[in-house]
Amino acid sequence: MPGKLYVLTTPIGNLKDITLRAIEILKSVDFLVVEDTRVTLKLLNHLGLKKPMFSYFRHSNPEKLDLILQKLQSGETAAIISDAGTPCISDPGEELVKACIEHGIKLEPIPGANAALSALVASGLNTTRFCFEGFLPMNKKNRTVRLRKLQQEERTIIFYEAPHKLISTLKDMQQTFGGERKICIARELTKIHEQFLRFCLAQAVEYFEHEQPKGEFVLVLEGAREIQDEKLSEADIIKEAQKLQKTGKSKTEIAKELAEKSTLSKREIYNLLHS
Ligand code: SAM
């Protein structure tokens, strides 16, 4: 019977963020599939555990993948672990997960810390609808194209960024989304120097022109304003019209004025006021 692969989340800074279930699974599995053996060794030492480790990164050679699959198919259990946080989220794992599905090997996620969600929940921006963009492309042209595609995105957008690219990314964002757009920059989450900087893009650019970015960053960007939200609903139109009528304005004048603030035409509003 084939074994099982656990997709196991580790802390993103604070080692206390390992879950009880993650420790249990780390103890029980036959081997670990890790991004960097040195990083995982630190975690294992902290937990007082010893396990065989196989290093595996995105686009590892096919023989490596085959070896891991063979072991799993022979009934062994393993956990895939990245250097920090949730595997497969801007980290290796996706190819191995797909291969396990193809080979009938069971998968089980062991959830825990993730930088994107930790930043989002304390950002103060809209958490009802959001999307994750991860790292922007390295190539300048591709970055610009990707950002342009996001210009009309109404959901809150989450990005990962390296410190040495932060300023140029913020400048590109200011150019694409305008200086007024809100951003929350979450730095060193769960670590001693954790910090949340809540700015508009123009202020963020100015701040980092004087302050050298250090540490790890998540950028949580406000989505484009929903046009519908800013327009008056039918009920609002009627209320507004009643107020305007008291000022002595005619229905034609009122319809014209309110059409500019709603998605309805002048005629539709005029008819509404007569219904
Ligand atoms: N798999 C990880 C997760 O679940 O969040 C993300 C790994 S990705 C290679 C690393 C990037 O995640 C960093 O460059 C940074 O943008 C973000 N990140 C990871 N840990 C962080 C932390 N403690 N504080 C802020 N950002 C962090």
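Of the 18 residues around the ligand, those that come nearest are Asp91, Asn114, Tyr160, Leu189 and Phe217. The structure described here is a predicted model.

**Ligand shell**

Sorted by class, the shell around the ligand comprises nine nonpolar, four polar and five charged residues. Two strands each supply at least two residues of this shell: strand S7, spanning 156-161, and strand S10, spanning 217-221. The ligand takes up the space of the largest pocket.

**Polar contacts of the ligand**

The table sets out polar contacts between the ligand and the protein.

| Residue | Protein atom | Ligand atom | Distance |
|---|---|---|---|
| Ile89 | polar backbone atom | nitrogen | 2.9 Å |
| Asn114 | polar side-chain atom | oxygen | 2.8 Å |
| Phe217 | polar backbone atom | oxygen | 2.6 Å |

Ile89 thus faces a nitrogen atom of the ligand through its backbone, while Phe217 offers a polar backbone atom to a ligand oxygen. Asn114, in turn, approaches an oxygen atom of the ligand with its side chain. Taken alone, the ligand exposes 570 Å², and the protein buries 91% of that area. Asn114 and Phe217 also belong to the residues that come nearest to the ligand.

**Surroundings of Lys4**

Lys4 is placed in strand S1, which covers residues 4-8. Its side chain is joined to that of Glu108 by a polar contact of 2.5 Å. When neighbours within four places in sequence are left aside, the residues in contact with Lys4 are Leu72, Glu76, Thr77, Ala78, Ile105, Lys106, Leu107 and Glu108. Glu108 therefore appears both in this list of contacts and as the side-chain polar partner of Lys4.

Notes: Residues numbered from 1 in each chain as written. Predicted model: local features only at pLDDT ≥ 70, side-chain atom pairs only at ≥ 80, totals over all residues. Heavy atoms only, no water. Helix = DSSP H or I, 4+ residues; strand = E, 2+ residues; numbered from the N terminus. Polar contact = N/O pair within 3.5 Å; in protein donor to acceptor, adjacent residues only side chain to side chain. Contact = heavy atoms within 4.5 Å. Near = heavy atom within 4 Å. Areas by Shrake-Rupley, 256 points an atom, 1.4 Å probe, with all protein chains shown as cover. 1 Å grid on protein atoms, 1.4 Å probe; cavity = no way out; pocket = protein on both sides within 12 Å on 5 of 7 lines; lining within 4 Å. Sits in = over half its atoms within 2 Å of the grid points. Nonpolar A, V, L, I, M, F, W, Y, C, P; charged D, E, K, R; others polar.
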